[in-house]
Amino acid sequence: MGLEFRRRDYRAEEQAHLLRRTHAYNHPLSSPSHSPLQVEESNCRKDDFSDPLRATDGTTEISADDTQHEYINSEPTVPRDSSAQLRARKEWTPFKKILMQRFPVSKSSSVSMGSNLLVKGTKGELDDQKMFEEEDVKVISQQECLSKLQELKDEINRSWSADDRVTSLRLSIKVARLLTETSVIQFYPTLFILATDIMDMLGDLVWNRIKRKAEFTEEGAYICSLPDNFKESDICFDAKETCNNWFSKIASVRELLPRIYLELAILPCWRFLDNHHEDVLQRLVMMTRGIADPLASAYCRLYLVQCAQRLPEHDTGFLITCINDIKLLLLRLTPAREAMDRDLSGTSEVLLTLIEPTIEYIIRCLFKDLRQMEINDMLLALGMGINPSILSENCSCVSIILHYVLKELPIGFICCNALEILHLVECANDSSFLQSLNFKLLGHRLCERVPEVSKVLLVVDKIFQVLSCYDNLDAYLMVADAYLDIILESHLGTSLNVILDGIFERVRDEKIGENELVILQSIFSKIVAHFANIEHILALNHFVDILDMMHGSSRNVISTQILSMAARNSQIRDPTVIEVLLEIAQALYDGLDFSNMRKDDYQHPSHVIVRFVYMVDHGTQLESHLRFLAQCRGAFSSISELQEILVHSSNNLAVRAMRDGNSCNFIKSCLAFNEVTIPAIPTNLRQLNLYLETAEVALLGGFISHTDGLIDAAVNCLQNVDLVNGTRSTEDLSLLVSLLCKLCCMLVMVPGSLDQGVTRIPKHILFLIESQSWILPRMKIKVLSSVIYLSAALSQNQLPYHAVSGQVISNYRLYFDVPSYHQELLSLSGVILQGLVNVVMQESSVAVRGKMALEACNCIASSFVMSDEALEACSKLMEIAKSCLSAGDKFLHSTLKVLYLKK
C-alpha cells in the first residue's frame, strides 16, 4: 500500500486533549491563608541580629542622639598635634600639582638671574649683601633654571650630611633670593613651588636636628622621647640653645624676602621655644607688608599660611590680615567701580591670574576650622558685612576675594542670607573678577538646597533686576541658568516666561556662540526635565523659537531630550504637538551625519525618533495617521529600524480600519504603502518577516491579489537570502527557519493556483533548503516537517483553521473534484519522506541526531496512515534514535507509544 494521508478530525482532537477543568474556590494569585506548617518568625529570630532590609515594626527605635554618635565615631580620631604637619602636607601636595599644571613651564622662555645665585657655593660671610648687589645678571632658559635648583638642593643635602650647616644655610639663602626675581611672571609659580620644596627640606632637617638634641645628648645618651603634643617645658637647654641659634642666624639675613622665607621654613621649631605662636605669626604678616612686588608679596603670604597650617594651634586673625593686605594690592591693580569702562592692562590681568591661586588657598584655610557663629564677624573683618546698612555705607570687598568666600561659605548660611549676599555681590563690581561669575556661583550654591532658601520671591525679583542690566547674551544666560532651578522648583511659571523672553530678545541681536550654546543646552535640559507634559513645554514663550535658533550638538541633545520626554509614557494625540515634534525630529535627523558617525553615536537619537513615531496616534483620523507615516518615510529614510515601525504601524491601521468597517480603499492604501516601504529595508530576513506580516493582514481583509503578491515577494526574498558564507548569527538562522514554518502555516489558508498547482510555493521552500549549504540539518528537519504538516492539512476535507474573511475560498473547495490535487500533495510528501533519514544522519551531534529522528518519526506518524512505506521510514528513524539516546529517554518512550497506537 502506497502513501496515504491520515484523516483528521481537528475539533475532536482538540476536545480530547483539553485539560480537565475544576471549580476554584480561591483566586490562584490571592494571598495564601495561614498554614499551621509555617514557622513563627519570633521563634527563629535572634535578638542580636538586625536585618537591614526588613521593615521596622515599631519595636525598634533609633534616636537622633545614637545616629549623631555613630556619625561622630566614624570620623578618624587622630591626635591634632601629631597630625597637624601631616595633614598640612597632604593638603599642600595636590595644590602644588594643580598650580604647576595651571602655569606650565615654557621651553622657549628665558629668565634673568644673578650669576652668584647659580653657583653651588661661595666662601665668605653668611650673607654678603655687597656681593649680591654687585653680581652680574645672567639670562638662562627656564629649564636650565630648574636644573640649577635641583643641583642646589642636592648640594644642600650633601653639605648637611657632611655637618657643614653653614654652607647649607648659605645655599638656602641663595634659593630664597631667587624668589625676588619676577621678570618672567608666568614662570614664578613654578619657581615658587621648587624653591619652597627646598625650604621645606631645610625646615625638616633643622626640626629633626633640634628634636634629636632634645631626646639624646651629644654622646648619644637617651634623655627622653618627646610626645607628639610636647610643650616648651619638655625641651632641654641644649636643644633650645640650638634652636635660638638657628633663628638668630636667619634674623641676620639682611634681605627681607629671604629672611621671611627662611624663618617660615623653620616656623614649627618655635614649638621648642614657646607654646604660643600668635605673636610670631602676626610679626611675620607685618614683615610681608615690606615686600613691594605684588606677585612676590602674594606668594610669600601663601607660603606663610601654608607653614602656619603645620602648627598644632593657630588663630584666624593672621589669615584675615593676609587677605586684607592682598585686597589692598588688588585695589591698586584693578580700576575703581566708576572707572569700569576701562579694560585691565595686559600685565595687570596676568598678575591677577597668577595671584588668584594664593587667594583661593588662604580663604580655604580660613574657613577650614571656622565655626558658624564666627562667620558674621569674619565677613565684617573682611569688609563684607551682610548687614544692609553696612553694605550701603561702606563695602570694600573685592570681586575675586568674594568669589572664593562664596565657594567656602556653608550652604546653610548662604540660604539663610541669600538676599543680603546678593546685595554684597552687587556692591563688588570691580574688574578683578566678572560680577556675572559671582552671581552664577551664588546661584549654583543656592540651588544645592532650594527649599532652604529664604525670601525666594525677593531673591527672584533681585535676580530679574540684575538680568535686566545685562545686554550681553553670555552673561544673561550664565546668571539665568544659575537660578533656574529655584524658579522651577518654586513653580514660578511667569518668571520662567520672563527669562525666555529676555533670551529671545538677545538671541535676535547677536549670533549664538559655542559657549552660549552650552548654557542654552543646560537651561533647556532643566526645563525639559522639570515638566511632565510636553504641551506645557511647547506653550512656554519663545521656547520653540529659541530652539530653532540653536545649532550643532547642543540642538541635537535638546531635540533628543524633548522627543524622549514626549514619547516616554503616553500616546501623542494633539495634532499641533505632533506637527511641532515632527519638525524637531526632522531637525535632529538633519543634524546627524550618518556617513561620518559611528553607529553608537547616532543609535540613541535614531531610537528616540523611532519611539516618537511609534507613540503618535491620530485616533479615529486614520487617513491623517497614514499621511503622517508617509511623511516619516520620506523624512527619515536612513533609519532602517523606523521603516520597520512604519510597516507595523500601517498594518495596525489596516486592521483598525477593518474592525471599524472603513472603506476598502484605505486598507488597500495601507497595503500599497507597505509594498513600497518594505523593499527599502536593507536586510532580507527583515523584509521576509514584514512581507509575511503584511500578507496576513491582506488575507485577513480578503485581498487575495495583494496576498499572492506579498507571498511571491516573500519567496523572492528567500531566493535572495545570503548569509555570507555562514557568518550570520544563530539568531538569524533560527529566525529564517521560524519564518519558513510561519509561511507553511499561512499557506493552509491561502488559496492555491489552478494553473501553477498547490505545491508551487512549498517546492520553492524545498529548493531553498537543499541549495543552501549553510542551513544545518537540525533546521532542515523543522522545515521539512512543516511542509509535510502543510500537505497533510491541505489534504483534509475540513482545514484546521481558515481565513476570517468570507471572500477567501479554501483549497478544499477550490480543488474540489480535481484528481491531481491529492496526488500532487502525496508526491511532494513522498519526496520529502525519502530524504528524511539522510538529513538526520548528516547531524554530527549524537544527542541532537536522536531528537531529530524522533521529531521526524512523530511527524510521519501524525500525518500518514501507517503503510509499508511509512513504517519503513519510521523503523529507520527509530533505530537511529535508539542508537543515539539512552533506553530511559522519555521522548523515545512516548514516540514508541504513538507508533503503537497509530498502527
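# Buried, parallel, left-handed: why those words?

Trainee: The crossing of α34 and α36 is called left-handed. What makes it so?

Mentor: The near helix is turned anticlockwise from the far one by less than a right angle; clockwise would be right-handed. Before we go on, this is a predicted model, where local features need pLDDT of at least 70, side-chain atom pairs need 80 or more, and totals for chains, interfaces and linings use all residues. Numbering starts from 1 along each chain as its sequence is written, and side-chain values use heavy atoms, without hydrogens or water.

Trainee: Why are α34 and α36 called roughly parallel?

Mentor: Their axes come within 10 Å and cross at roughly 15°. Axes here are lines fitted to C-alpha atoms over the stretch in contact, with angles from 0 to 180 degrees between N-to-C directions. Under 35 degrees is roughly parallel, over 145 roughly antiparallel, 65 to 115 roughly perpendicular, and the rest oblique. So α34 and α36 are roughly parallel to each other.

Trainee: Which residues meet between α34 and α36?

Mentor: Ile711, Asp712, Val715, Leu718 and Gln719 in α34 meet Arg760, Ile761, His764, Ile765 and Leu768 in α36. That is contact, meaning heavy atoms within 4.5 Å.

Trainee: What about α33 and α35: how do their axes cross?

Mentor: Helix α33 (684–701) and helix α35 (730–747) have axes that come within 10 Å and cross at roughly 20°. That makes α33 roughly parallel to α35. α33 passes α35 in a left-handed crossing. The α33 residues involved include Leu685, Leu688 and Leu692, and those of α35 include Leu735, Leu739 and Met746.

Trainee: How do you know that the length of α34 fits a helix?

Mentor: The expected span is 1.5 Å times one less than the number of residues. Helix α34 (704–720) has 17 residues and reaches 24 Å from first C-alpha to last, close to the 24 Å expected. Its buried residues include His706, Leu710, Ile711 and Cys717, and the buried ones pack against α32, α33, α35 and α36. Helix α8 (188–215) fits too: 28 residues reach 40 Å, close to the 40 Å expected.

Trainee: Why is α8 called largely enclosed?

Mentor: 21 of its 28 residues are buried, so the rest of the structure largely encloses α8. Buried means under 20% relative accessible area, exposed over 50%, and partly exposed in between (1.4 Å probe, protein chains only). In the whole protein, buried residues make up 49% of the 903.

Trainee: Is Phe103 buried or exposed?

Mentor: Its relative accessibility is 9%, so Phe103 counts as buried. Phe103 sits in the loop between α4 and β1, with helices and strands taken as DSSP runs (H or I, at least four residues; E, at least two) numbered from the N terminus. The C-alpha atoms of Phe103 and Pro189 are 6.8 Å apart, though 86 residues separate the two in sequence. Beyond neighbours within four places in sequence, the contacts of Phe103 include Gln186, Tyr299 and Pro357.

Trainee: What joins Arg165 to Asp163?

Mentor: A polar contact of 3.0 Å between their side chains. The term needs a pair of N or O atoms within 3.5 Å; within protein, one must be able to donate a hydrogen and the other to accept it, and residues adjacent in sequence count only if both atoms are side-chain atoms. The side chain of Arg165 also reaches the backbone oxygen of Trp160 at 3.0 Å. Arg165 lies in helix α7 and, at 17%, counts as buried, while Asp163 at 56% counts as exposed.

Trainee: What makes the phi of Asp163 worth a look?

Mentor: Phi is positive, about 60°, although Asp163 is not a glycine. Most residues other than glycine have a negative phi. Asp163 is in the loop between α6 and α7. His542 also has a positive phi, near 60°, in the loop between α25 and α26.

Trainee: Why is His542 called partly exposed?

Mentor: His542 has a relative accessible area of 28%, between the buried and exposed limits, so partly exposed is the right term.
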